[in-house]
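This report walks through one protein model, beginning at its ligand and then following the strands of its sheet. It may help to keep the structure in view while reading.

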Amino acid sequence: MSAPHISVLLREVVQAFDGVEIKTFFDGTLGAGGHARAILATHPEIVRYIGCDRDPRAHEEALKTLAPWREKVEFVRGSYSELPDILKEREIGCIQGFLIDVGVSSMQLDERERGFSFRGDGPLDMRMDPSASLTAENIVNQYPEAEIARILFEYGEERRSRQIAKAIVAIRKKRPIRTAAELVKIVEPIVGRGPIHPATRVFQALRIAVNDELGELERGLEAAIEHVSPGGRIAVISFHSLEDRIAKTAFRKHEWREAKRGREASGSLKILTKKPAIPTAEEIRANARSRSAKLRIAEKIGG
Ligand SMILES: C[S@@+](CC[C@H](N)C(=O)[O-])C[C@H]1O[C@@H](n2cnc3c(N)ncnc32)[C@H](O)[C@@H]1O
């Protein structure tokens with residue numbers, strides 16, 4: 001039985017949409033539907049709540065959480081970067097609310113056979129969408145050493161990336177590396193003990209690469225900025241400095257500035273979080289996964 005996912009920055013996410021008249025909401029990372037429940041409860045005016053997730057199992061969970069709003073919620077299995085097509089297929093012109101809470105859910109981490117966690121002996125899979133073709137096993141056993149080192153360094157900020165990549169290549173010459181436990185065994189002696197599990201950064205890096213999480217975020221935010229109507233808002237929760245930088249850059253690129261007077265202002269963004277919102281000490285105590293969360297919010301201007 002997996003632990004229920006605790007939604008991060010829940011109160012702050014609800015506040016992000018305060019005062020917005022929402023007809024259609026797009027939740028790009030529905031997960032277990034925790035944020036969705038809170039948003040639907042505070043916005044009875046919502047007519048359609050599109051809940052998108054790559055992971056078909058998320059929908060089973062969300063179905064239970066969102067039972068009282070069954071008529072309003074539409075589950076979409078897919079990537080949030082496909083927002084333009086998802087809206088087009090449903091003949092929806094624009095949305096008034098867009099939320100993404102990127103990364104993995106507690107349910108995904110707890111399902112050992114999916115290999116997201118360094119605890120356990122699942123296969124090195126890590127696909128959020130089980131029908132996608134690239135797995136962590138492919139990366140570890142087939143990618144060139146330099147590419148593995150780059151992934152570990154860039155996406156995991158792992159200082160010992162080159163040493164780990166070298167060790168991976170040495171082992172795979174003898175036999176393929178197939179499980180999370182086998183990978184942990186390679187990483188542990190190189191990284192050594194510290195405040196977090198020695199394989200944390202390696203697993204995070206592989207997961208980001210397998211699911212093209214940074215590319216998704218860039219494309220998804222551009223699509224959101226285009227499809228949110230004036231007065232509507234975009235909220236992004238990220239867990240990694242690279243993700244936060246992508247959100248900040250995307251918002252800044254479209255930010256309304258004095259220079260963009262008149263008609264040009266329409267379609268620009270007003271950034272509502274000069275600094276991202278972060279969890280309180282109390283939230284971090286109750287949910288360690290929230291410790292690196294950052295929430296950025298922007299509002300579409302114009303009319
Ligand atoms: C942190 S959980 C979301 C939790 C949810 N907000 C809640 O309160 O229950 C992230 C979810 O987003 C999904 N996900 C991650 N990247 C995605 C993407 N690019 N497109 C669609 N779903 C994605 C994952 O499968 C996972 O279920």
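In this predicted model, 22 residues surround the ligand, and those that come nearest are S7, T29, G31, G34 and D55. Sorted by class, the shell around the ligand is made up of six nonpolar, 11 polar and five charged residues. Helix α2 and strand β2 each supply at least two residues of this shell, and both elements appear again below.

**The sheet as a whole**

Seven strands form an open sheet with mixed pairing, and their order across the sheet is β3-β2-β1-β4-β5-β7-β6. The edge strands are β3 (73–77) and β6 (269–271), each of which pairs on one side only. From one strand to the next, the twist averages 15°.

The table collects four of the strand pairings, each with its sense and its number of bridges.

| Strand pair | Sense | Bridges |
|---|---|---|
| β1 and β2 | parallel | four bridges |
| β1 and β4 | parallel | three bridges |
| β5 and β7 | antiparallel | six bridges |
| β6 and β7 | antiparallel | three bridges |

**Strand β1 and its neighbours**

Strand β1 covers residues 24–27, and both of its faces are covered, with T24 and F26 buried on one side and F25 and D27 buried on the other. In a regular strand the side chains alternate between the two faces of the sheet. On the β2 side (residues 48–53), the bridge partner of F26 is I50. To get from β1 to β2, the chain passes through helix α2 (residues 34–42), and this β-α-β crossover is right-handed. Strand β4 (residues 95–101) also pairs with β1, and there L99 stands opposite D27.

**Strand β7 and its neighbours**

How many of the seven residues of strand β7 are buried? Six of them are, so that this strand, which spans residues 294–300, is mostly covered. Strand β5 (residues 228–238) is joined to β7, and in this pairing V236 has R296 as its bridge partner. Strand β6 pairs with β7 as well, where the bridge partner of K270 is E299.

**Domains and a residue in helix α8**

The domain assignment of the protein gives domain 1 as 10–107 + 213–300 and domain 2 as 133–210. The centres of domain 1 and domain 2, taken over C-alpha atoms, are separated by 31 Å.

One residue that can be looked at in more detail is K173, which is found in helix α8 (residues 161–174). Why does K173 count as exposed? The reason is that K173 has 7 C-beta neighbours inside 10 Å, and a residue is called exposed if it has 12 or fewer. Along the chain, K173 and A293 are 120 residues apart, and their C-alpha atoms are separated by 39 Å.

Terms used:
Residues are numbered from 1 along each chain as its sequence is written. This is a predicted model: local features need pLDDT of at least 70, side-chain atom pairs count only at pLDDT 80 or more; totals for chains, interfaces and linings use all residues. A residue is buried if 20 or more other C-beta atoms lie within 10 Å of its own, exposed if 12 or fewer, and partly exposed in between; C-beta atoms are placed from the backbone. Two strands pair if DSSP finds at least two bridges between them. A crossover is right-handed if, with the strands pointing away from the viewer, the path from the first strand over the helix to the second runs clockwise. A residue is near a molecule or strand if its C-beta atom, placed from the backbone, lies within 6 Å of it. Ala, Val, Leu, Ile, Met, Phe, Trp, Tyr, Cys and Pro count as nonpolar, Asp, Glu, Lys and Arg as charged, and the others, Gly among them, as polar. Domain bounds come from an automatic or database domain assignment. Axes are lines fitted to C-alpha atoms, for helices over the stretch in contact, and angles run from 0 to 180 degrees between N-to-C directions.
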